[in-house]
Amino acid sequence: CCCFSFSSSMPSTIRRTKIIFTLGPATESEEMLEKLIRAGADVIRLNMAHAKHDWTRAVIKRVREVSRRVGRDVAIMMDIKGPEIRTGDVAAPIELKAGEIFDFTVRPGGAGEGSEEIRSVNVNYQDLVNDIKVGDIVLVDSGLLRFEVLERNDRHIRCKVLTPGQLTSRRHINLPGVKVNLPSFTDKDRGDALVGLEAGIDFIAMSFVREAADIEQLREFLRWHDSRVQIIAKIEDQSAIANLDEIVRACDVLMVARGDLGIECPYEELPIIQRRAVQTCQALGRPVIIATHMLESMITQPMPTRAEITDVANAVYELADCVMLSGETTVGRYPLESVLMLDKISRRIEADQLQQGETPRPMILTSDKMKVLRSAVVMANELPGSAILTFTRRGFIAQGLAALRPLQAPILAFTPHEETFRQMRLLRAIEPWYMPFASDPDTTIENAINMLRKEGRIQVGARLVVATDLLSQNRLFDSVQLRTVK
């Protein structure tokens with residue numbers, strides 16, 4: 001790695017915390033996509049739980065076309081469905097009362113003998129009767145319905161209703177603390193992923209990751225298809241929390257998916273889990289996304305609650321790389337306002353962090369390259385108004401610099417690869433730039449500086465700390481140098 005410095009001042013104009021929004025009926029039009037990209041969205045999420053392949057191909061093409069027209073390429077994340085347990089169809093909603101006995105059946109006629117007065121619903125997972133035990137809790141429809149297992153046989157589990165409510169068709173089932181034997185990467189996931197790879201996605205988000213082996217299964221699939229798509233591991237149950245360190249080391253990005261996680265774990269534990277996940281990612285140099293229910297009330301209301309504002313602010317104070325919107329932008333009435341609200345909150349908290357001079361938790365530096373990158377960050381921290389200029393082919397240096405969380409300096413990251421350019425959209429404080437590299441490192445650096453000048457991003461005399469591993473005369477720079485731009 002090589003670090004240089006150039007003198008004078010350069011203000012940061014970028015939002016350091018990145019914004020992800022989920023595409024849906026409210027946001028899939030060209031007009032709304034253009035507004036959201038111009039508003040500062042960095043990554044667009046496709047939720048494959050509800051997506052058809054023709055729709056997926058069409059919207060990816062549309063996103064790319066709108067991005068080119070706007071002049072701001074965004075990244076695309078495909079969120080694959082993963083293993084899922086659901087109830088079957090019911091002819092009419094079933095009203096369940098507290099204390100009522102109710103069966104979940106895994107095969108036709110599974111309600112068993114003497115059960116004429118016991119109502120039931122089919123379940124799509126036959127091994128449910130083997131995985132679960134008496135006394136376990138079954139949660140249905142995001143935990144709105146709660147059951148206790150009383151008995152089981154090879155055809156059904158019999159439960160007592162603890163929390164009453166209405167059961168409708170195809171509701172999601174959560175089994176807190178129960179390890180199920182479903183595959184982590186399903187046949188549907190493979191089909192969806194192939195469509196995504198062909199269409200040019202940048203990230204795959206893997207649902208219900210339970211251990212590092214789940215990620216390796218997906219990574220082998222990507223290697224087989226010669227893909228550099230990055231893997232986002234979604235932690236959503238207690239198994240993932242138990243294996244958090246190994247999951248963070250195995251993935252490219254971690255997502256704290258607070259929807260199912262808040263159902264699977266005691267609700268009072270959720271803030272502790274979120275903080276631990278963010279701190280683990282920062283210590284190990286992995287990007288982290290905070291997702292779900294960030295501005296939930298804005299699905300129907302033009303303004304968030306005060307609690308939601310504080311929730312977003314806490315994610316920014318924790319130095320998360322990204323905050324994410326789901327229902328707010330898929331079916332919400334105020335998708336543009338939701339993105340603008342995340343932008344406004346993030347910028348205000350970042351300004352406060354800068355004023356307070358807050359420093360991140362120490363990162364575990366496992367290589368000499370990371371130690372040199374740290375020296376670049378230290379230099380930038382000690383030169384008020386400076387920026388960090390870096391050059392990377394696969395994004396590793398940019399990720400390392402972002403993980404070190406410079407106090408104020410934005411990171412201007414140049415790459416000759418479009419895929420890397422888009423993937424850097426997800427990294428905190430990274431401002432990606434696309435530019436072919438020259439054979440001579442000094443020429444590449446000068447070309448980048450000229451491009452920044454031309455675009456009005458820097459002025460003559462701007463302070464820049466340059467960190468790169470560009471080759472010069474068949475060797476890597478390994479020094480820290482200071483020079484002034486004339």
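**Local environment of Glu211 and the surrounding strands and helices**

With a relative accessibility of 31%, Glu211 counts as partly exposed, since this value falls between the limit of under 20% that defines buried residues and the limit of over 50% that defines exposed ones. The structure described here is a predicted model, and in it Glu211 is placed in the loop that lies between β13 and α5. When residues up to four places away in sequence are not counted, Glu211 touches Asn243, Glu246 and Ile247. Thr163, by contrast, is separated from Glu211 by 48 residues in sequence and by 31 Å in space, taken from C-alpha to C-alpha.

Strand β13, which comprises residues 203–206, runs parallel to β4 and is joined to this strand by four bridges; within this pairing, Ile80 stands opposite Met206 of β13. Strand β4, spanning residues 75–80, is mostly covered, with six of its six residues buried. In a regular strand the side chains alternate between the two faces of the sheet. For β4 both faces are covered, as Ala75, Met77 and Asp79 on one side are buried, and Ile76, Met78 and Ile80 on the other are buried as well. Strand β4 also pairs with β3 (residues 43–47), in the parallel sense and over five bridges, and the bridge partner of Arg45 in β4 is Met77. Between these two strands the chain passes from β3 through helix α2, residues 53–70, to β4, and the resulting β-α-β crossover is right-handed.

Helix α4 extends over residues 187–199 and contains 13 residues, and its span of 19 Å from the first C-alpha to the last is close to the 18 Å expected at 1.5 Å a residue. The buried residues of α4 are Asp189, Asp192, Ala193, Val195 and Gly196. Viewed down the helix axis, the buried residues of α4 fall within an arc of 160°, and they therefore line one face of the helix. An α-helix has 3.6 residues a turn, so residues three or four places apart point the same way. On the other side of α4, Asp187 and Glu198 are exposed. The elements that cover the buried residues of α4 include α2, β4, β13 and α5, the last of these comprising residues 212–224. Immediately after α4, Gly200 adopts a positive phi of about 95°.

A further part of the model is an open sheet of six strands with mixed pairing, arranged in the order β7-β6-β10-β9-β8-β12. Strands β7 (119–122) and β12 (173–174) stand at the edges with a single partner strand each, so that one side of each is left without a neighbour in the sheet. Within this sheet order, where β10 is followed by β9, strand β9 (residues 145–152) and strand β10 (residues 156–163) run antiparallel and are joined by six bridges; Glu148 stands opposite Lys160 in β10.

As regards confidence, the mean pLDDT of the chain is 90, and 91% of its residues reach 70 or more. The pLDDT nevertheless stays under 50 over residues 4–12, for which the model has 47 contacts beyond four places in sequence. Over residues 472–485 the pLDDT is likewise below 50, and this stretch has 34 contacts in the model beyond near neighbours in sequence. Where pLDDT is low, the predicted coordinates should not be read in detail.

Methods:
Residues numbered from 1 in each chain as written. Predicted model: local features only at pLDDT ≥ 70, side-chain atom pairs only at ≥ 80, totals over all residues. Heavy atoms only, no water. Buried < 20%, exposed > 50% of the residue type's maximum accessible area, 1.4 Å probe, protein only. Pairing = 2+ DSSP bridges. Right-handed = clockwise from strand over helix to strand, strands pointing away. Expected span 1.5 Å × (residues − 1). Arc of directions from axis to C-beta. Contact = heavy atoms within 4.5 Å. pLDDT = per-residue confidence, 0-100.
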